[in-house]
Amino acid sequence: MFRRWLSNFFKNNKEKIIKFIKIFGILLLVGIAFAYSFGNIIDKNNSENENVETTVYRPSETVISGSNIEKEDYKKEENLVKTFVDYCNNKKIEEAYSLLTDECKQKMYPNIETFEKNYYDVIFTQKRECNLQSWISEDNYNTYKVTFIQDIMATGSYDNVEKFEDYITIVTKDNEQKINVNSYIKSKEINKTTKIEELEVVAKSVDIYMNSIKYYLEVSNSSQNTILLDNNLNNSMNIKLIGSNNAEYKIDNVNLSLVDLVIYKNTQNKKIELKFKKQYGSSVEGKEIKFKKTIFNREEYLKDIDNYNNYKEVTIELY
């Protein structure tokens, strides 16, 4: 009975039923498309929010090594750097110079004139703003990557502004804070002696910079022969710094000459500076310096340079 009624109902309303099915199908497709588009919008917004979150400027979070800076400590150190910048902006060069550590003055700027010429005049050709990012945190030394830019309020635009970057280290000593600039981080005493035959080398100290490291040696020769620590600075493999992880670092020979590496007979405490290309910011320390082709008798070497092969490897211990 019901089947007969259903069959008659379909025959009598066939066109209406087909029309309804078409409309319903269209509405269903529109609903699915809307839901898909809305879902994509949500995903996109979530993705954009995540990207915003990952690019939020968090200056107290340390980028390279060490712990993050406490917010109060960061604010205090930021104020110190900005005080330094304000002094420079207002041409108070003496006041800015007074904020440098004694070590920074000694190593980089022994007087106000050198500071003014080699730092102030380079960066502060006009008023600068700055922002900081904690880069390395280690004991009493917090190093910040500092970006100097033009005064945006004066230029009215951030685009194409002139930028300078420096690594400024806040040094805390005896409850006082001062700064090291121009990528100078700190200096350390070593005073480690290495003796090989009649050659004695004392590794006195090291200066640590953001992108390099400089060792100060005192070399004595008690023999009756002139010693050459190396005879070919063009070969970067001859003199190397070996790290505590056995990594090798190349010599920077820009300001080094072969004359610096000649140790005449009966020489006492000849001073030699060796600079190596090494990034600061890891737990890797300098373990030793290797001279791979040392000549202990220059006179013998000069008799037949082309066929000379009596080289010796000299290793200078650094701790």
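Q: How many salt bridges does a search of the whole structure find?
A: In this predicted model, a search of the whole structure finds 15 salt bridges.

Q: What makes the pair Lys-107 and Asp-207 a salt bridge?
A: The closest N and O atoms of Lys-107 and Asp-207 are 3.3 Å apart, and a salt bridge requires a side-chain nitrogen of Lys or Arg within 4 Å of a carboxyl oxygen of Asp or Glu, so the pair counts as one. Lys-107 belongs to helix H5 (residues 102–107) and Asp-207 to strand E6 (residues 199–209), which means that the pair ties together parts that are 100 residues apart in sequence.

Q: Why is Asp-207 called buried, and why is Lys-107 called partly exposed?
A: Asp-207 has a relative accessible area of 1%, and buried means under 20%, so Asp-207 is buried. Lys-107 has a relative accessible area of 29%, and because partly exposed covers what lies between under 20% and over 50%, Lys-107 is partly exposed.

Q: How do you know that Glu-138 and Lys-186 meet in a salt bridge?
A: Their side chains come to 3.0 Å, N to O, and the limit for a salt bridge is within 4 Å, so the pair qualifies. Glu-138 lies in strand E1 (residues 128–138) and Lys-186 in strand E5 (residues 184–196), so this salt bridge ties together parts that are 48 residues apart in sequence. Lys-186, at 10% relative accessibility, counts as buried because that term means under 20%, whereas Glu-138, with a relative accessible area of 29%, is partly exposed.

Q: What makes Lys-271 and Glu-218 a salt bridge, and which strands does the pair tie together?
A: The closest N and O atoms of Lys-271 and Glu-218 are 3.6 Å apart, and since the criterion is within 4 Å, the pair is a salt bridge. Lys-271 is part of strand E12 (residues 267–276) and Glu-218 is part of strand E7 (residues 213–221), so the pair ties together parts that are 53 residues apart in sequence.

Q: Why does Lys-271 count as exposed, and why is Glu-218 called buried?
A: Lys-271 has 64% relative accessibility, and exposed means over 50%, so Lys-271 counts as exposed. Glu-218 has a relative accessible area of 18%, and this value is under 20%, so Glu-218 is buried.

Q: Which residues do salt bridges that share partners join into one network?
A: Lys-75, Glu-78 and Lys-82 are joined into one network by salt bridges that share partners.

Q: What makes Asp-174 an exposed residue, and where is Asp-174 found?
A: The relative accessible area of Asp-174 is 70%, and exposed means over 50%, so Asp-174 is exposed. Asp-174 is found in the loop between strand E3 (163–173) and strand E4 (176–180).

Q: Why is the patch that holds Asp-102, Glu-103, Asp-174 and Glu-176 called negative?
A: Asp-102, Glu-103, Asp-174 and Glu-176 gather on the surface, and because Asp and Glu count as negative, the patch is one of negative charge.

Q: What is remarked about the phi of Asp-174 and of Glu-197?
A: Most residues other than glycine have a negative phi. Asp-174 has a positive phi of about 55° although it is not a glycine, and the phi of Glu-197 is near 55°, again a positive value in a residue other than glycine. Glu-197 is placed in the loop between E5 and E6, and at 44% relative accessibility Glu-197 counts as partly exposed.

Q: How do you know that Ala-203 is buried, and which residues is Ala-203 in contact with?
A: Ala-203, in strand E6, has a relative accessible area of 0%, and buried means under 20%, so Ala-203 is buried. Leaving aside neighbours within four places in sequence, Ala-203 is in contact with Ile-190, Asn-191, Lys-192, Tyr-216, Leu-217, Glu-317 and Leu-318.

Q: Why is Asn-89 called buried, and which residues does Asn-89 touch?
A: Asn-89, placed in helix H3 (residues 71–89), has a relative accessible area of 15%, and because this is under 20%, Asn-89 is buried. Not counting residues up to four places away in sequence, Asn-89 touches Phe-124, Gln-126, Lys-127 and Arg-128.

Notes. Residues numbered from 1 in each chain as written. Predicted model: local features only at pLDDT ≥ 70, side-chain atom pairs only at ≥ 80, totals over all residues. Heavy atoms only, no water. Patch = residues over 30% accessible without salt bridge, like charges linked within 9 Å, V, L, I, M, F, W, Y side chains within 5 Å. Areas by Shrake-Rupley, 256 points an atom, 1.4 Å probe, with all protein chains shown as cover. Charge placed at Lys NZ, Arg CZ, Asp CG, Glu CD. Helix = DSSP H or I, 4+ residues; strand = E, 2+ residues; numbered from the N terminus. Buried < 20%, exposed > 50% of the residue type's maximum accessible area, 1.4 Å probe, protein only. Contact = heavy atoms within 4.5 Å.
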